[in-house]
Amino acid sequence: MRKPILAGNWKMNKTHGEAVTFIEEIKGNVPSANEVETVVCAPALFLKEMNDIAAGSDVEIGAQTMHFEENGAFTGEISPAALKDLGINYSIIGHSERREMFNETDESVNQKLHAAFQHGITPIMCCGETLEERDSNKTEAVVKEQIEKGFESLSAEQVKQVVVAYEPIWAIGTGKSSTAEDANETCGTVRKVIAELYDQDTAEAVRIQYGGSVKPENIAGYMEKEHIDGALVGGASLKSDAFLQLVEAGKHE
Ligand SMILES: O=C(CO)COP(=O)(O)O
């Protein structure tokens with residue numbers, strides 16, 4: 001039985017004060033981590049203080065990206081070692097916005113997955129197709145390639161710990177969400193690809209989130225689907241009351 005995981009991705013939103021208030025508002029109000037993992041992926045600037053405030057609660061704090069090198073001349077970047085030193089245990093890897101605007105590739109995603117495991121960080125690895133790819137029936141091929149290249153040289157034991165976030169790019173921040181049926185079908189494709197690369201056991205262990213205009217009103221439809229184990233939520237994760245509703249819905253598999 002896979003444990004559901006509900007993650008917020010704040011992107012480049014909130015000030016320090018707003019971030020602190022949010023964590024104070026939610027930390028005592030989320031369901032037990034035994035029922036659903038709750039993760040808030042915030043701008044790096046706020047991670048330490050948010051993590052300190054969340055300490056001892058059922059809320060985990062995550063990064064939105066990280067570099068694959070341990071240290072060095074990479075101006076502006078954040079190392080996995082530095083994240084781990086702050087007690088950060090999750091990082092989004094390869095979000096489509098980073099692939100599109102910050103030159104992330106399947107190869108760098110692969111390097112980052114390896115780095116995450118070296119440092120004991122759980123990666124939330126994003127995949128998903130553009131509208132053009134979807135319209136030309138390439139969704140399955142695109143997602144397959146992202147998974148195959150992203151997972152290169154990872155062991156089955158590592159893959160079991162990856163959280164995959166399937167986020168169709170056309171559904172991100174557009175209000176146009178995928179139907180639960182379509183999302184489930186592609187999440188099923190992700191699982192099938194993993195079964196082919198590894199084995200059925202590994203594929204069954206991987207948690208797969210849907211992301212793309214998820215909100216309190218539509219999350220239940222996704223959560224009841226066979227291959228969907230949670231959600232990665234942007235806009236609707238910014239308000240504490242909506243986020244709490246999402247997490248509550250997220251515990252129902
Ligand atoms: O990109 C997303 C989460 O990573 C989805 O964003 P929205 O929920 O705002 O569509």
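The paragraphs below lead through a few parts of this structure, from one helix to a pocket, some turns of the backbone and the cysteines. The model is a predicted one, and every value given here should be read with that in mind.

A good place to begin is helix α2, which covers residues 47–54. Its buried residues are L47, M50, N51, I53 and A54. When one looks down the axis of α2, these buried residues fall within an arc of 160°, so they line one face of the helix. The elements that cover the buried residues of α2 include the helices α1 (16–26) and α3 (80–85), together with the strands β2 (37–41) and β3 (59–63).

One residue of this helix can be followed in more detail. L47 belongs to helix α2, and because its relative accessible area is 0%, L47 counts as buried. Leaving aside residues up to four places away in sequence, L47 touches A42, I61, G62, A63, L83 and I88. By contrast with these contacts, one may look at K192, which is 145 residues from L47 along the chain; the C-alpha atoms of L47 and K192 are separated by 35 Å. Just after α2 comes G56, where phi takes a positive value of about 85°.

The sign of phi deserves a little more attention. Most residues other than glycine have a negative phi. K11, although it is not a glycine, has a positive phi of about 55°, and K11 lies in the loop between β1 (5–9) and α1. N103, which is also a residue other than glycine, has a positive phi near 60°. The place of N103 is in the loop between α4 and α5 (106–118), and with a relative accessible area of 67%, N103 is exposed.

K11 also leads to the largest pocket, since K11, M12, Q64, T65 and R98 are the lining residues that lie nearest the centre of that pocket. The largest pocket holds about 580 Å³ of space, and 20 residues line it. Sorted by class, this lining consists of 10 nonpolar, 6 polar and 4 charged residues. Helix α4, made of residues 96–101, gives the most to the lining, with 3 residues.

What of the cysteines, and how many disulfides are counted in the model? The count comes to 0 disulfides. C41 is in no disulfide, and the nearest cysteine sulfur, which belongs to C126, is 9.0 Å away. The relative accessibility of C41 is 0%, and C41 therefore counts as buried. For C127, the closest cysteine sulfur is the one in C187, and because the distance between the two sulfurs is 7.6 Å, they are too far apart for a bond. A disulfide would require the two sulfur atoms to be within 2.5 Å. C127, like C41, is buried, and its relative accessible area is 4%.

A last stop is helix α7, which runs over residues 139–150 and contains A141. Is A141 buried, exposed or partly exposed? With a relative accessibility of 48%, A141 counts as partly exposed, because the exposed class begins over 50% and the buried class lies under 20%. A141 and E129 are 12 residues apart in sequence, and in space their C-alpha atoms are 9.3 Å apart.

Terms used: Residues numbered from 1 in each chain as written. Predicted model: local features only at pLDDT ≥ 70, side-chain atom pairs only at ≥ 80, totals over all residues. Heavy atoms only, no water. 1 Å grid on protein atoms, 1.4 Å probe; cavity = no way out; pocket = protein on both sides within 12 Å on 5 of 7 lines; lining within 4 Å. Points joined across faces, edges and corners; volume = space filled by probe spheres on them. Helix = DSSP H or I, 4+ residues; strand = E, 2+ residues; numbered from the N terminus. Nonpolar A, V, L, I, M, F, W, Y, C, P; charged D, E, K, R; others polar. Buried < 20%, exposed > 50% of the residue type's maximum accessible area, 1.4 Å probe, protein only. Arc of directions from axis to C-beta. Contact = heavy atoms within 4.5 Å.
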